[in-house]
Structure formats: C-alpha cells, structure tokens
Amino acid sequence: QTGSANTNPSDSADDEYITNVSIGTPAQVLPLDFDTGSSDLWVFSSETPKSSASGHVTYSPSKSSTAKKLSGASWSITYGDHSSSSGDVYTDKVTVGGFSVSSQAVESATKVSTQFVQDTVISGLLGLGFDVGNTVKPRAQKTWFSNAANSLAQPLFTADLKHQQTGSYNFGFIDTTLAKGPIGYTPADGSEGYWGFTATGYSVGGAKLNRNSITGIADTGTTLLLLDDDVVNAYYNNVESAQYDDSQQGVVFDCSEDLPSFSFGVGGTTITIPGSLINLTPVSDGSSTCFGGLQSSADIGINIFGDVALKAALVVFDLGNERLGWAQK
Ligand SMILES: CCNC(=O)c1c(-c2ccccc2)csc1NC(=O)CNCCc1c[nH]c2ccccc12
C-alpha cells in the first residue's frame, strides 16, 4: 500500500507547506504543516480557547465516532523559535494521501503560542521525525508515518517541495520521475528525533565542491537553509549588495542581484540550489531589498537544511534503511 498527498506553499515566500489531513469519522479535514523536524501530530481543536482558535479549522473529537480520549496523557512542545503549544491526547483515524492509520495519537491543543494563533493557514503540525522526539507523557506516542510504515509497500516517504507550485509527500514508494538526477543516499541519524545527515562538501556558483563536510538536519518544518558563518560568508561574499540587517535579523541584498547557486555533496551526488531559490522575498511588500534564504545557524547550534534546500531536490526519508536520499530536481 501507498499514500500520496499534495502539498502547497502557504504564501509568496514559501514560508511553510500545507497538506490536508483527514481526521475522525466522518472525516474532518485539517490543513497541517508536515514537519520532519519534530515528532508530534498536534491540532487546533474544540479544546483550544475560542480567541486563539479564531480563523483556524479545528478538530472536534466529540464529533468523531472513532475518537477515544487517551486518558491521563498530555503533551507540551517548544520549538527553537520559541513558539509552543500543549494539551491533551485522543486517538482517532488519520488519513493522509489515501492511506489510513486507524488509531493515531492526535494531540489536541489547549494552549498555543501567538505565532501559531496568527498563522491561520495551518491547523497544526504532523511530525515526521523519529518517535524518540514525541513529547506525549506518561508514554510517548508514535508518529503517523511510524504507525503506517509496516503496512506501506516500503518503510519510506519522499518530500517534493516546490517554489510557488504544488508539490507532494509520497508514502511507501519513490516516484523517480520527480527527479532529474540519481538519488544519492547517506546514513540518517535519528537519535535526536531529527533526520540528521552529513553533506561531504559545498561550493558557490557552480565551482568544484570543497571537502568541508556539513552536518545538519533535513527539516521540512523550517523555511530557511541555516548553515555555519564561514559557509554563509563564502556565499554572500559573491553578492555585491549583501549586508546583515539587524532589524531583519539576517542578510539582505538588492532584489535585482543575480544570486550565485549553492551546491552541496551528499551520498556521492551533488545538489545545486539555484540562486533564484535563495532570493526568498522582499523584506516588506514592494521593497527592493530582499531577504536571503541562506542564513547563519551560529546561534542555533545545529545546521538546518530547511525548505530552501529541500526545494532543489527530491528527498527520500528511508526509515527502513535509516538513510536519507537526495536527488537533483
Ligand atoms: C524555525 C523552526 N525551526 C526550529 O525552531 C528548529 C531549531 C531551532 C533551534 C534554535 C533556534 C532556531 C531554530 C532547531 S531544529 C528546528 N526545527 C523545528 O523545530 C522543526 N519544527 C518547526 C515547527 C515550527 C516552529 N515554528 C513554526 C511556525 C509555523 C510553522 C511551523 C513552525
């Protein structure tokens, strides 16, 4: 068996990607952000304060004949950007791209931070990280993919995120027609809950790859490509107008600049992010100053290959073989 779900950028900056998920009986369809950088499936619900839930599609367990309260269970999550949510837990039928998990832990939010309240295009997150990262207590719960894996044709999923176009999350199969180049595989480290891996080198503007390895995570839930300062500087040294903007908390440049590409080696293949994907968006509507899709990871302590990098590739999250595959698109 397999599943295939379309996913769409939430706005003109590809800030996040929205995928519809069916929860309960009859189906309640919620737009969720699929997140390989976390391991909780949590939703705005009938238990979320009305003021916070305003504008969001919500899940009502009381309206689902298959919902069951997971008695005594609670959850609480805080992300690196200091956004957070918490609540209690139900199990219910959850269908993604036509594939159903009959008893999935659905974490109902009784509290959500401002950032999520304001982000009305999503009703929560569907974690695709490793189960070790799940925050439910007293007993951690499995992710939707972990519950599905044994019944899928293959225990893997792929992410095909696109700039301002519809992409897909496919479960249980690899559609190689989505890629232009071969898939390079490299071991995945799931010990922290993330999909960790090591790139073998990088280059700017189509030059030969160097041998400076970069260890980081493949994270669909983070918008940017966040790397060490020496890499970021090596890149922006090629961008005439680039400068750090305190108010924007990042590197900005003239929107008219012709940005160089950024390439990294992984699993014996090279992934090249075209410069156009690194020109993320004007700092505000109509501005001729643009915000970079590549920024520093210095104050994060971990390198994040977020959506800016993932958009350049078909990425295979292979749980069965504990490996990540990257193919140029
Ligand atoms: C900016 C979001 N990313 C992070 O905070 C993050 C960090 C991280 C750590 C410290 C400082 C900044 C980031 C490490 S791994 C990692 N990745 C995740 O945490 C993946 N999940 C992000 C979910 C998420 C956080 N804030 C949102 C706002 C809208 C949609 C989704 C989200």
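Colleague: Which residue in strand 6 does Ser 22 stand opposite?
Modeller: This is a predicted model. Strand 2 and strand 6 (residues 84-96) run antiparallel, joined by 2 bridges. In strand 6, the residue opposite Ser 22 is Thr 95.

Colleague: How many residues of strand 2 are buried?
Modeller: Buried means under 20% relative accessible area. Strand 2 covers residues 17-23, and it is largely enclosed by the rest of the structure. That is because the buried residues number 5 of the 7.

Colleague: What is the bridge partner of Pro 9 in strand 2?
Modeller: Start with strand 1, residues 3-9. Strand 1 pairs with strand 2 in the antiparallel sense, over 2 bridges. The partner of Pro 9 in strand 2 is Tyr 17.

Colleague: Which residue in the turn between strand 2 and strand 3 has a positive phi?
Modeller: Strand 3 spans residues 28-35 and pairs with strand 2 in the antiparallel sense over 6 bridges. Within that pairing, Ile 18 stands opposite Asp 33. The two strands form a hairpin with 4 residues between them. The turn residue with a positive phi, about 85°, is Gly 24.

Colleague: Now the open sheet of 3 strands. What is its strand order?
Modeller: Strands of a sheet pair through backbone hydrogen bonds, either parallel or antiparallel. In this open sheet the pairing is antiparallel. The order is 13-18-19.

Colleague: Which strands stand at the edges of that sheet, and why is one side of each left without a neighbour?
Modeller: Each edge strand has a single partner strand, so one side of each has no neighbour in the sheet. Neighbouring strands here are turned by 20° against each other on average, direction ignored. The edge strands are strand 13 (201-204) and strand 19 (269-273).

Colleague: What is the bridge partner of Tyr 202 in strand 18?
Modeller: Strand 18 takes in residues 262-266 and runs antiparallel to strand 13. The two are joined by 4 bridges. The partner of Tyr 202 is Phe 264.

Colleague: What is the bridge partner of Phe 264 in strand 19?
Modeller: Strand 18 also runs antiparallel to strand 19, with 5 bridges joining them. These two strands form a hairpin with 2 residues between them, where Gly 267 takes a positive phi near 55°. In strand 19, Phe 264 has as its partner Ile 271.

Colleague: Which residues make up the uncovered face of strand 19?
Modeller: Strand 19 has two faces, one covered and one uncovered. Thr 269, Ile 271 and Ile 273 belong to the covered face. The uncovered face is Thr 270 and Thr 272.

Colleague: At about what angle does helix 4 run to strand 13?
Modeller: Helix 4 is made of residues 229-236. It lies across strand 13 and strand 18. Its angle to strand 13 is about 25°.

Colleague: Is Trp 326 buried or exposed?
Modeller: Trp 326 is found in strand 25, residues 323-328. Its C-alpha atom is separated by 7.4 Å from that of Ile 271, 55 residues apart along the chain. Buried means under 20% relative accessible area. Trp 326 has 0%, so it is buried.

Colleague: What is the radius of gyration of the protein chain?
Modeller: The chain has 6 helices and 25 strands. The globule rule gives 20 Å for 329 residues, and the chain's value is close to that, so it is as compact as a globular protein of that length. The radius of gyration is 20 Å.

Methods:
Residues numbered from 1 in each chain as written. Predicted model: local features only at pLDDT ≥ 70, side-chain atom pairs only at ≥ 80, totals over all residues. Heavy atoms only, no water. Buried < 20%, exposed > 50% of the residue type's maximum accessible area, 1.4 Å probe, protein only. Pairing = 2+ DSSP bridges. Axes fitted to C-alpha atoms, helices over the stretch in contact; angles between N-to-C directions. Contact = heavy atoms within 4.5 Å. Rg over C-alpha atoms; globule rule 2.2 N^0.38 Å.
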